[in-house]
Amino acid sequence: MSLYLLRRLLQAALVMLAMSVIVFVGVYAIGDPVEILISPDADQMERERAIKALGLDLPLWMQYLSFLGNALRGDLGRSFVFNEPALQLILQRMPATLELAFGATIMALIIGIPLGLYAGLKPKSFGAKCIMTGSILGFSLPTFWVGLMLIMVFAVQLGWLPSTGRGETVDVMGMRWSFLTWDGLRHLAMPALNLALFKISLVIRLTRAGVRETMLMDFVKFARAKGLTNRRVISVHVFKNIMIPVVTVVGLELGSTIAFSVVTESVFAWPGMGKLIIDSINVLDRPVIVAYLMIIVLMFITINLLVDLSYSALDPRVRLENK
Amino acid sequence: MSASSLPKTGLPAAAVPEVALKVETPFRRFVSEFFESKTATVGLIVFVSLVLIALLAPFIAPQNPYDLAQLDIMDGRMEPGTVGGAGFTYFLGTDDQGRDMLSGIMYGLRISLTVGIGSAFIACMVGASLGLLAAYAGGRTDSVIMRLVDLQLSFPSILAALMILAFLGKGITNVVLALVIVEWAYYARTVRGTALVERRREYIEAAQCLALPTHRVIFRHLLPNCMPPLIVVGTMQIARAIALEATLSFLGLGVPITEPSLGLLISNGYEYMLSGKYWISFYPGIALLVTIVSINLVGDHLRDVLNPRLKK
Amino acid sequence: MTALTAAAPTLEVRNLQTHFFTRAGVVKAVDDVSFSVGRGKVLGLVGESGSGKTVTGFSILGLVDEPGRIVGGSILFHGQDLAKQSEEQMRQLRGNRIAMIFQDPMMTLNPVLRIDTQMIETVQAHTKVSKEEARQRARDTLGMVGIPSPDERLKSYPHQFSGGMRQRVAIAIALLHRPELIVADEPTTALDVTIQAQILAEVQKLCAETGTAMIWITHDLSVVAGLADDIAVMYAGKVVEKGEVAPVLDMPLHPYTAGLIGSVPSRNKRGEPLKQIPGMTPNVMRLPPGCAFRTRCAYATEVCKQEVPFGEVAPGREVRCFHPLFPAKQGEAA
């Protein structure tokens, strides 16, 4: 197991390194590094001094090494706009994004699994057909437009929910969280639902496919032949089997949920990392862009690793192979 | 493909060129199978209509929304159904510039479809070529290309697109480029998968035995047989590309304001939404939705008809 | 063993009909099946794949899935008609008084649940006992079917067992409540011959000891010969021949039974080509009227196009055929 973990960590480090090259090439080679790293207000003298100080006169590979060295020490540059370390800026906004992404994931599971179960167990019923049609819509609807429609209906027309912002927050461990207050939850509801929409469709389809496949398995029939109640057969024998693909996919999707929160955060003016990156791209605050990309890649790799580990916890067959 | 299906073409075999024979019969079967599904037929009709509207927009739109001379700022943010200063009815209302929304949507559709179909097409060329190369060459070439594909696919499309636009800046060309980079991997993976199966078939061996040049074996023999799954993926990717372009434009990273796609139109209406002027965002959104759903309906059914293996 | 005659049979199936209502038409998977099995007896239910023997087994346990339905006949378990029981009543019988063993041991145990979970839930589904007691019972039963160190094995997952061991576990699960009837659906087909022999011997011993009646569904006549007391041969959803094992195997009366016996390799003389039944199992959706076997039968005549009655043609011998193969004809058949 530890050997497996070690191998996975090594792989993760390699991917991280590859991504740092891509980001480096993207920012330092394709774009004009002077423009990117030095404030546009600087005069000629300052520019030349900065170029020397930043080592921009050195060959590209040496520049890359120093970039890598700084990155390893947690120095990803300073934001032009906020004049704060880019890393710090992003970490400050991370709780808001994580809160949104987790909220959406939980919502997707809570809504998606029961609907998927129903559609899988009664595939010919009218309800199941409605659910499946709905899931096609969920895949087709552009997230940002649904967000606008939610605002229009629930905030503008009905006035039930606030349209923008995080609402009241509580400080826990130095980070601000919305989900601990009622006002915060009210603010979280719509953005989380918006972000969850695609995942709900995904979970419905996965669950339904899993149920239909598992119900045909001999062990389900055997479980019924043992005299178990239908409830136990479905909630233990079927459920535990379909949870493996669902958890894997939803877990893997957590990364993309975080990435797609860019859209939802922009619609609902949710002050997270995604809103920050869009603003940064619009004002060309490139150190923040670089820092965001490196952090999100790191998150991706971590999530993939965690999903693999929890996958092996769920599926005993995988556990054995790794020993 | 089979000799028994030849008579269906209705022509004596000698009169039909060889290539046409091979394509014609399965194509007819495919067409009749396709129209068996009502939803897919409706989807296709809607999609074709949308393409026609986009093509004919300059002739059928009540107004040229880019021609500032035709716009009347006094007509700004008018409700659907009001008659404007120019004397015609704004069926879908007007935006803040006094632009007729219906015309705006027709022209926006042009941009959205062009970007979507164009990028899907380019991505298909790039992806299919690389996928074929990977399958045909095998070995190190294959593993390098597939590593790239895996890396690309492990990243959410929006993130990859953001990254590219952050490096390259905005603009229609860059959006297309970003979409191509985001999408090529899907084609490459699909084509490689099919090609790996196909290249073991006898007809490829036969072609190789005839000592045909490699490019001819790949493009004239291998590629046509990889087309069905490629068409399916291509259809779905057009829908994805249109949605992604709209999203990027909404975020202000997509097409420039001078060439508003549906996404940008929706974005323009965003600030007026809170004051209840829903139509500026709502109708372009419906147009976008109908476009995407119609393509998905067609694609969904194409998958069933063209490639039973892909069915889950 | 035949000396032990119970007053009433444990199970009596009368004219059972189980049909599947598919979009393409009605599939008469089981169409007039009758047999009975008494306490401590083993009935071999024999037939080719697709003859309806598995569906018969599922019908007895009330496990026929949509779009299938029992449409006629009765399944009398101690005189009580199972076809008329509610789902909950059937559930209480299943795994408790009637148990089933499936064909493929690799597929019958849930791969993501431990053996103890799968056994304890079975105990607790029918008796109110603590988890500890249930575990105790599970352990004892595992020991009974010959699984070494049952305590440790309880904590294992199915994939940690071999095929033979898994089938033992499945048999142990079936035996947990000492059922009065076990329906075994080709339980040894997927196993090695040596393991097959071990399991057969153990099952036979257990049945004799506990007085459990058993329906052994198989296509393997040699298994039936060694294990069963009675035999019922099925063809295209119908029982075509029924009787005690020895007379039926020695002197088959239905041409189909004769064909089946003739195609067992060990019965052929060396050098002679293997016998086979010509043609294929018919499509149950489009059965010819009258005897379903007539298209493959050497003795078929015009009269075979009529509905064939199932009746006693000799003491204890029931056959569904207009031309039963009495000894005079036997020579021709061979």
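Two residues are in contact if their C-beta atoms, placed from the backbone, lie within 7 Å. Keep that cut-off handy for the exercises below, and bear in mind that this is a predicted model.

**Exercise 1. Find out which residues Trp216(C) touches, leaving out those up to four places away in sequence, and place Trp216(C) in the nonpolar core.**

Step 1. Apply the contact cut-off around Trp216(C). One run of partners is Val42(C), Leu43(C), Gly44(C) and Leu45(C), which are among the residues Trp216(C) touches.

Step 2. Pick up the rest: Ala184(C), Val224(C), Leu227(C) and Ala228(C) also touch Trp216(C).

Step 3. Now go up to the core. The largest nonpolar core has 255 residues, and Trp216(C) is one of those with the most contacts inside it. Val233(C) is in that group too, along with Ala161(B), Leu162(B), Leu179(B) and Tyr187(B) from chain B.

**Exercise 2. Decide whether Leu222(B) is buried or exposed, and describe its surroundings.**

Step 1. Locate the residue: helix H8 of chain B holds Leu222(B).

Step 2. Count neighbours. A residue is buried if 20 or more other C-beta atoms lie within 10 Å of its own. Leu222(B) has 22 C-beta neighbours inside 10 Å, so it counts as buried.

Step 3. List the contacts, again skipping residues up to four places away in sequence. Leu222(B) touches Leu132(B), Tyr136(B), Ala195(B), Glu198(B), Arg199(B), Ile204(B) and Val217(B).

Step 4. Take one of those partners and check the backbone. Glu198(B) is 24 residues from Leu222(B) along the chain, and their C-alpha atoms are separated by 6.9 Å.

**Exercise 3. Work out what each of chains A and B puts into their contact, and what kinds of residue make up chain B's side.**

Step 1. Start with the totals: chain B supplies 30 residues to the contact and chain A supplies 30 residues.

Step 2. Look for the elements behind chain B's side. Helices H5 (157-168), H8 (214-250), H9 (262-273) and H10 (279-306) of chain B each bring at least two residues to it.

Step 3. Pick out the top contributor. That's H5(B), which gives the most, with 8 residues.

Step 4. Sort by type. The side of chain B that touches chain A has 23 nonpolar, 6 polar and 1 charged residues.

**Exercise 4. Compare the UniProt annotations on chain B with its secondary structure.**

Step 1. Count the elements: chain B has 10 helices and 2 strands. Read from the N terminus, the order is α-α-β-β-α-α-α-α-α-α-α-α.

Step 2. Fetch the record. An unreviewed UniProt entry annotates "transmembrane region" at residues 40-61, 111-138, 158-182, 238-258 and 278-299 of chain B.

Step 3. Check two of these spans. Residues 40-61 of chain B are 95% helix and 0% strand, with 28 Å between the end C-alpha atoms. Residues 111-138 of chain B come out at 96% helix and 0% strand, with the end C-alpha atoms 39 Å apart.

Step 4. Try the domain. UniProt, again from an unreviewed entry, puts "domain: ABC transmembrane type-1" at residues 109-299 of chain B. That span is 84% helix and 0% strand, and its end C-alpha atoms are 20 Å apart.

**Exercise 5. Test chain C against the compact-globule rule, then describe its hairpins.**

Step 1. Do the size check. For 334 residues a compact globule would have a radius of gyration near 20 Å, and chain C has 21 Å, so the two agree. The C-alpha atoms of chain C fill a box of roughly 65 × 50 × 40 Å along the principal axes.

Step 2. Look inside: 47% of the 334 residues of chain C count as buried. Chain C contains 12 helices and 12 strands.

Step 3. Take the hairpin of E1(C) and E2(C), which has 2 residues between the strands. E1 (residues 11-22) and E2 (residues 25-37) of chain C run antiparallel and are joined by 9 bridges. Within this pairing, Phe20(C) has Val27(C) as its bridge partner.

Step 4. Turn to E11 (residues 311-314) and E12 (residues 317-319) of chain C, which pair in the antiparallel sense over 3 bridges. Here Ala314(C) stands opposite Arg317(C). The hairpin has 2 residues between its strands, and Gly316(C) takes a positive phi near 75 degrees.

Terms used
Residues are numbered from 1 along each chain as its sequence is written. Chains are lettered from A and ligands numbered from 1 in the order in which they are written. This is a predicted model: local features need pLDDT of at least 70, side-chain atom pairs count only at pLDDT 80 or more; totals for chains, interfaces and linings use all residues. UniProt positions are given in the numbering used here, feature names are shortened, and annotations may be inferred rather than shown by experiment. Helices (H or I, at least four residues) and strands (E, at least two) are DSSP runs, numbered from the N terminus. Ala, Val, Leu, Ile, Met, Phe, Trp, Tyr, Cys and Pro count as nonpolar, Asp, Glu, Lys and Arg as charged, and the others, Gly among them, as polar. Two strands pair if DSSP finds at least two bridges between them. A nonpolar core is a set of buried Ala, Val, Leu, Ile, Met, Phe, Trp, Tyr and Cys residues joined through C-beta atoms within 7 Å. A residue is buried if 20 or more other C-beta atoms lie within 10 Å of its own, exposed if 12 or fewer, and partly exposed in between; C-beta atoms are placed from the backbone. The radius of gyration is taken over C-alpha atoms; the globule rule is 2.2 Å times the number of residues to the power 0.38.
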